[in-house]
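Colleague: I'd like to learn how to read a few features off a model. Could you walk me through them one at a time?

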Amino acid sequence: KLEFIKDIYIMMYRINITLIVDKDAEKVEKYLFNKHHLNFNICGGAGYCASTEVGNIIIWINKFDDSIRSYENFSHECFHAIFRIMKETGSEYTEEGEETFAYLFTYVFGYCLDEIKKSSYFKKITTKECLKTPPKKH
């Protein structure tokens, strides 16, 4: 079982984003192969974004613990997802169309982030991180 998985449908673009958070890259690779018949080699990195078939995009990050690094990794993968969404819908990046990309990024990043932060995965991992950090001595 994956630590966190959520399908998010972007109705306006008719795109589904499968958001996965799990530190076990091998387990994620097996899931992607079994569910989508895709052979990904994500090499245990911090994150990955890919299209599985028309209308479906995978965003995987290895963890989200509310650290700055987690936000950096997650926003990086969301950025890739935005370009995939726009490419699948026939939109190329132009300066005139930049605002469309920016609004879509804000929506996808914010919506997915909300889904992660209200999950039992997030509550569990942030509680573990708090317990690891000893209290400061005065």
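Colleague: Let's begin with K118: is K118 buried or exposed?

Modeller: Keep in mind that this is a predicted model. Exposure is read from relative accessible area, and anything over 50% counts as exposed. K118 comes out at 55%, so it is exposed.

Colleague: Which residue does K118 pair with in a salt bridge?

Modeller: The general idea first: side chains of opposite charge can pair when their charged atoms come close. Here the partner of K118 is E115, with 3.2 Å between the closest N and O atoms. E115 has a relative accessibility of 8% and counts as buried, while K118 is exposed. The pair also belongs to something wider, as K6, E115 and K118 are linked in a network of salt bridges.

Colleague: How many salt bridges are there in the whole structure?

Modeller: A search of the whole structure turns up 8. Take D22 and K27: their side chains meet in one of these, at 3.1 Å from N to O. D22 has a relative accessible area of just 1%, so it is buried. K27 sits at 28%, which makes it partly exposed.

Colleague: And where do K30 and E26 lie?

Modeller: Both are in helix α1, residues 25–36, and they are 4 residues apart, about one turn of the helix. Their closest N and O atoms are 3.6 Å apart, and the two form a salt bridge. The cut-off for a salt bridge is 4 Å, so a distance like that still counts.

Colleague: Next, helix packing. At what angle do α2 and α3 pack?

Modeller: You look at the angle between the axes and at how far apart they are. For helix α2 (residues 68–88) and helix α3 (residues 98–117), the angle is about 130° and the axes are 9 Å apart. The two helices are therefore oblique to each other. As for handedness, α2 passes α3 in a right-handed crossing. On the α2 side the contact is made by residues including Y71, F74, C78 and F79, and on the α3 side by residues including F101, L104, F105 and V108.

Colleague: Which residues does T126 touch, leaving aside its neighbours within four places in sequence?

Modeller: With those neighbours set aside, T126 is in contact with D65 and D66. T126 and D66 are 60 residues apart along the chain, yet their C-alpha atoms are separated by 7.3 Å. T126 itself is in helix α4, residues 120–132, and with 18% relative accessibility it counts as buried.

Colleague: What does the side chain of T126 reach?

Modeller: Look for backbone oxygens. The T126 side chain reaches that of F122 at 2.7 Å, and that of K123 at 3.4 Å.

Colleague: Last one: backbone angles. What is the phi of D66?

Modeller: Here you look for positive phi in residues that are not glycine. D66 has a phi of about 75° although it is not a glycine. D66 is in the loop between β4 (56–61) and α2, and it is partly exposed, at 37% relative accessible area.

Colleague: And R14: where is R14 found?

Modeller: R14 is in the loop between β1 (4–10) and β2 (15–21). Its phi is near 55°, again a positive value in a residue other than glycine. R14 has a relative accessible area of 67%, so it is exposed.

Methods:
Residues are numbered from 1 along each chain as its sequence is written. This is a predicted model: local features need pLDDT of at least 70, side-chain atom pairs count only at pLDDT 80 or more; totals for chains, interfaces and linings use all residues. Side-chain values use heavy atoms; hydrogens and water are left out. Buried means under 20% relative accessible area, exposed over 50%, partly exposed in between (1.4 Å probe, protein chains only). Contact means heavy atoms within 4.5 Å. A polar contact is a pair of N or O atoms within 3.5 Å; within protein, one must be able to donate a hydrogen and the other to accept it, and residues adjacent in sequence count only if both atoms are side-chain atoms. Axes are lines fitted to C-alpha atoms, for helices over the stretch in contact, and angles run from 0 to 180 degrees between N-to-C directions. Angles under 35 degrees count as roughly parallel, over 145 as roughly antiparallel, 65 to 115 as roughly perpendicular and the rest as oblique. A crossing is left-handed if the near helix is turned anticlockwise from the far one by less than a right angle, and right-handed if clockwise.
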